[in-house]
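User: Hi! I'd like to go through this model with you, a few questions at a time.

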Amino acid sequence: MLRLNQMKVHTKYIAGLIVVIFFVLCPLFLNSERSYFIYFLYTTFIYITIAQGWNLIAGYTGQVSLGQHAFFGLGAYITAITWRAGLTGYFDPLAFLLSGTGALLLAAIVGVVLLSKLRDDYFSLGTLGIGEILRVAALNGGSFTEGAAGISLNSTAYKSMNHYYYTALFIMLFTLVVIVLLIRSRVGLALIAIREDETAASANGIPVLRYKILAFSIGAFVTGLCGSLNAYYIFHVHPPGVLSLNWVVIPVLMCILGGAGTFMGPILGAFVLSIAFELTSIWMPEIHPIFSGAFIVLVTLFMPSGIMYYITNHKSMIMRRLRLTVFKWMNQKA
Amino acid sequence: MSYFPSLAVFFQIIINGTFLGTMYGVAAIGLSLIFGCMQVLFIAQGTMMILAAYSVFWLVYFMSIDPLISILIIIPVFLVLGWIMYKGMFQRVSQAGPSSTLLLAFGLMVFMESMMLFIWSPNIRSVKTSYSTSAFQIGDITISVSRLIVTVVAGIATCLVYLFLKKTMTGKAIRGVSEDRVTGMLLGINPNRVSAITFAIGIAMAGVAGVATCLIYPFDPYFGFLFSLKALIAIAFGGLGSVGGALLGGIILGILESLSSYTISPGWADAIAYAAFILVLIFRPQGLLGKAADKV
């Protein structure tokens, strides 16, 4: 039995490794400047990262943040402003680090204030407010943020799509590794304990606030990294672009679609939703948002807890139904 | 721009803010009822408002029905719509927890926004009536007729909902379920029926708010989300789950916005509203009115 379990874990690792190697090799087979597939993977990686960041605070710890776009936007703005001031350059690791740290600090400060005072829906609303305040601040920032027009960056610095692709892949893998390590450690258990019952967790000696802030900050850090990368990709940082609610809504959707509080959920959800969005925008460009909305409604109606839960809970039922239909079909034949 | 408005200007700002705020307030009442009864943050509320506004636009355009009369058509239609939405979707999903209902509401919002975009195009529309531009003066203060009408309509709608909740058996059941769902069920209340009624009323309130909006403001399909946010802030000001509080919260928000756009700058008005919102959440999570408010 033990051996079987170990084998299962090994196959998981091997499958993961194969997928990662496939992603690494992709640009070698495809022309990354032109390939739509590379662009698709790039955006999906970014969404997976943000979704996992949200998953840590909302899925595992149970504190539903709706302010992830604040961290994304802050990361993008820090990158743009430091580059414009000449402090950092194009694809500067320092810029990434600064953006991530800036987002982390914002999360820590916001976290100390909001997480200590607010619970449940109130916390969600508070974080939503933080994002909106940042957006208005960027709009009214004068020459520092250049208002609604935003900061235009030197787009001649562009080298190749491969840079973006591999950076996104790296950030995603970094996030996934951090999340796995966290979740398997004492910290992960503490986070889940907080989600299940805060009072009981605190009674058992878990420093609830500290762990909540930790999860919130780590999620913000990786989201800030994504914002930074996005600034380099778009070469234009403006409030409707980087501080759009889409940067919180879409990853959250992916997370819930896949199953919040599971490791594979956000990854699965990100791929499913991205593919759905892309296919509809190719086939029915006129009405694709209608389809996207209807898709979300249908999924919540029929799989309200996400794909991962559906699969794990209904594994035997799915198989049974499959067998039954095959059996009936065979009987009819005979 | 002066930092200290004269008395007349000050009153003008307060009155304009009140007019603006009643619209937020009516939308907030619907949101607050729905949240109180079934813990659903129905963020598509603003989009429902805009849907009502477009319906009025068509009624005026094709059948030249006055917007005020069209309220009588909008309310029953939206009541039925709300009932269907609850029975068809939210009843199923509400068992799965709050994040699923939030997601469902969001999906509905995207769906309706893009449907409206498809049917009515992204162009900004407005509804013109014979009284759109008329106004009268009291002393130095100008009062727009259409805004006054909107405020009166909002007031009537609020009173009706309040009376419904206070005086009827169904209203009592709604309040009971909002306070304690399990106890309500033990006392023989069917929570699904009550929730469906609440949802229908909430959506109908969005309809009323939508008619009010189209009388005053030009609108486009994306406007809805902004109104949902404003309604949420109004609820936080007034305290969750109270009818009077939601209306008052909306009015406070409206006045705050008008005052800050006059004294500071219109660009910062939103940020100040959000900052006040967060401060209220932190220091007075029961709402500005606290326990003094009638808990409905």
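Analyst: Happily! A residue is buried under 20% relative accessible area, exposed over 50% and partly exposed in between, using a 1.4 Å probe and protein chains only. This is a predicted model, where local features need pLDDT (the predictor's confidence in each residue, from 0 to 100) of at least 70 and side-chain atom pairs 80 or more, while totals for chains, interfaces and linings use all residues; side-chain values use heavy atoms, without hydrogens and water. Residues are numbered from 1 along each chain as its sequence is written, with chains lettered from A and ligands numbered from 1 in the order written.

User: Is B:Phe227 buried or exposed?

Analyst: B:Phe227 forms a tilted aromatic pair with B:Phe223, 5.9 Å centre to centre with 50° between the planes. Rings of Phe, Tyr and Trp (its six-membered ring) pair if their centres lie within 6.5 Å; planes under 30 degrees apart are stacked, over 60 edge-to-face, the rest tilted. B:Phe223 is partly exposed at 26%. With a relative accessible area of 6%, B:Phe227 is buried.

User: How many aromatic pairs are there over all chains, and how is the pair of A:Phe45 and A:Tyr165 classed?

Analyst: The whole structure holds 40 aromatic pairs over all chains. In the pair of A:Phe45 and A:Tyr165, the ring centres are 5.6 Å apart and the planes meet at 50°, so the class is tilted.

User: What is the mean pLDDT of chain A?

Analyst: In chain A, 96% of residues reach 70 or more. The mean pLDDT of chain A is 85.
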